[in-house]
Amino acid sequence: MTVPLRWVLDTNICIKQFIVDPLTPKVNQLFDCLDDPAVEFFVPDLFYIECEVCSLEVCSS
């Protein structure tokens with residue numbers, strides 16, 4: 001029996017999908033695993049609120 005990979009996706013990871021950052025290729029590589037049933041992704045309770053705040057900060061700068 002194989003143990004599934006478990007990842008916690010925090011805002012600082014996901015926002016790299018939308019801004020230019022040196023780690024964006026790594027984030028893309030991680031997101032390529034979204035369809036893999038052996039990989040589980042979790043998000044914190046305040047994830048969506050943090051994403052909104054972060055996107056507002058990026059857009060205002």
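The mean pLDDT of this predicted chain is 87 (pLDDT is the predictor's confidence in each residue, from 0 to 100), and 97% of the residues reach 70 or more. In this predicted model, local features need pLDDT of at least 70, side-chain atom pairs count only at pLDDT 80 or more, and totals for chains, interfaces and linings use all residues. Residues are numbered from 1 along each chain as its sequence is written, and side-chain values use heavy atoms, without hydrogens and water.

**Exercise 1.** Give the order of the elements from the N terminus, then find where confidence is lowest and highest.

*Solution.*
Step 1. Count three helices and two strands. Helices (H or I, at least four residues) and strands (E, at least two) are DSSP runs, numbered from the N terminus.
Step 2. Read the order: β-α-α-β-α.
Step 3. Confidence is lowest in α3, at a mean of 84. Strand β2 (residues 39–42) has the highest, at 92.

**Exercise 2.** Set the radius of gyration of the chain beside that of a compact globule of 61 residues.

*Solution.*
Step 1. The radius is taken over C-alpha atoms; the globule rule is 2.2 Å times the number of residues to the power 0.38.
Step 2. The globule would have a value near 10 Å. The chain has 13 Å.
Step 3. Check the spans of the C-alpha trace along its principal axes: about 50 × 25 × 15 Å.

**Exercise 3.** Place Ile49 in its element, and decide whether Ile49 is buried or exposed.

*Solution.*
Step 1. Ile49 lies in helix α3 (residues 47–60).
Step 2. Apply the cut-offs: buried is under 20% relative accessible area, exposed over 50%, partly exposed in between (1.4 Å probe, protein chains only).
Step 3. Ile49 has 52%, so Ile49 is exposed.
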